[in-house]
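Please look through the structure shown here with attention to its aromatic rings and to the strands discussed after them.

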Amino acid sequence: MVRIPPHPPSTIMVPQLPVELVEQIISAVWHMPLSSQERITLMRSSALVNSTWAALFDRISSRDVYIPSSAYCDHFIQRLRTQPRPIAPSSFLGGFVRLFQKPSAPAAEPHPANLACRSITIQIANPAVHPNKYNRAHLPMAAVLDELMEHIDAHGLAPHLRRLSVEYLNAPFDDVFRRVGLGALPPQIEHLELRFSFGAEMPTWLAHALREKQKRQRHFGWAARDVTHLSVFGAGEHTVQDLLRACPNVRTLDGDCGEVKI
């Protein structure tokens with residue numbers, strides 16, 4: 001009987017996955033319904049795998065952006081504004097500025113993150129668990145959403161941003177109508193997605209009762225006239241109707257009730 005000696009550790013070849021497959025794996029994991037802490041862990045660990053993984057992860061996470069914390073929101077805004085956006089050649093201001101530029105000065109290139117961003121998702125969680133026991137201090141990420149939308153709109157950032165997704169956890173349904181950031185929703189956002197859910201601590205019957213007993217809104221703090229596609233999950237009929245009033249130009253509504261052409 002002939003015994004084949006095992007390969008020394010230094011000679012073992014580990015097969016590498018095709019780049020396309022690695023990209024699909026990263027995309028699938030990135031778009032999973034993760035908690036904020038799980039997403040932060042994924043962000044940190046993805047930079048440590050290898051250069052290929054890190055580059056692909058940066059591409060995917062820059063296209064579909066998740067904001068898991070206030071600190072990351074600040075980092076994301078900084079990435080958007082790292083380099084100046086190019087001035088349109090045909091603009092009067094562009095011609096005026098070029099009069100004072102040196103001929104050898106290279107044109108300013110936009111930061112990739114500014115052009116890559118297509119969607120932004122942010123989770124607003126209420127640590128009090130019960131939605132009736134909260135105040136603005138209990139929803140810190142709500143203030144982050146307001147600041148982010150106002151900043152993008154005021155500075156004309158993320159020109160290819162098309163979808164904003166807000167995930168409410170254990171939060172009252174009427175909070176969305178108080179968000180001043182939605183009043184400053186950048187005009188390029190045409191798809192607004194809202195998801196309402198409750199944690200395992202919330203009894204199912206109570207979550208259903210809160211959803212169905214939500215009253216109609218008398219006043220709206222904002223109107224999103226550029227939104228044409230509205231997605232709503234986990235909300236009651238009154239909340240959906242109020243959202244349609246706040247987004248008067250919606251042509252497509254989908255979510256728990258299926259897709260409806262308006």
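How many aromatic pairs does the structure hold? In this predicted model, the structure holds six aromatic pairs. One of them joins Phe173 and Phe196, whose ring centres are 5.1 Å apart and whose planes meet at 45°, so the pair counts as tilted. This contact links distant parts of the chain, since Phe173 belongs to the loop between strand S3 (163–169) and helix H8 (180–183), whereas Phe196 belongs to strand S4 (residues 191–197), 23 residues apart. Both Phe173 and Phe196 are buried.

Phe173 also pairs with Phe198: here the ring centres are 6.1 Å apart and the planes stand at 70°, and because an angle over 60 degrees counts as edge-to-face, the pair is given that name. Phe198 lies in the loop between S4 and helix H9 (204–212), while Phe173 lies in the loop between S3 and H8, so the pair ties together parts that are 25 residues apart in sequence. Phe198, like Phe173, is buried. Taken with Tyr168, the residues Phe173, Phe196 and Phe198 are linked by ring pairs into a cluster.

Aromatic faces also meet a charged side chain elsewhere in the model, where Arg39 lies over the face of Trp30, at 4.9 Å from the ring centre, and over the face of Tyr66, at 3.7 Å from the ring centre. Tyr66 leads on to strand S1 (residues 64–67), from which Asp64 and Tyr66 point one way and Val65 and Ile67 the other way, with all of these residues buried. S1 pairs with strand S2 (residues 119–125) in the parallel sense over four bridges, and within this pairing Ile67 stands opposite Ile122 in S2.

How values were computed
Residues numbered from 1 in each chain as written. Predicted model: local features only at pLDDT ≥ 70, side-chain atom pairs only at ≥ 80, totals over all residues. Heavy atoms only, no water. Buried < 20%, exposed > 50% of the residue type's maximum accessible area, 1.4 Å probe, protein only. Helix = DSSP H or I, 4+ residues; strand = E, 2+ residues; numbered from the N terminus. Pairing = 2+ DSSP bridges. Phe/Tyr/Trp six-rings, centres within 6.5 Å; stacked < 30°, edge-to-face > 60°. Lys NZ or Arg CZ within 6 Å of the ring centre and 35° of its normal.
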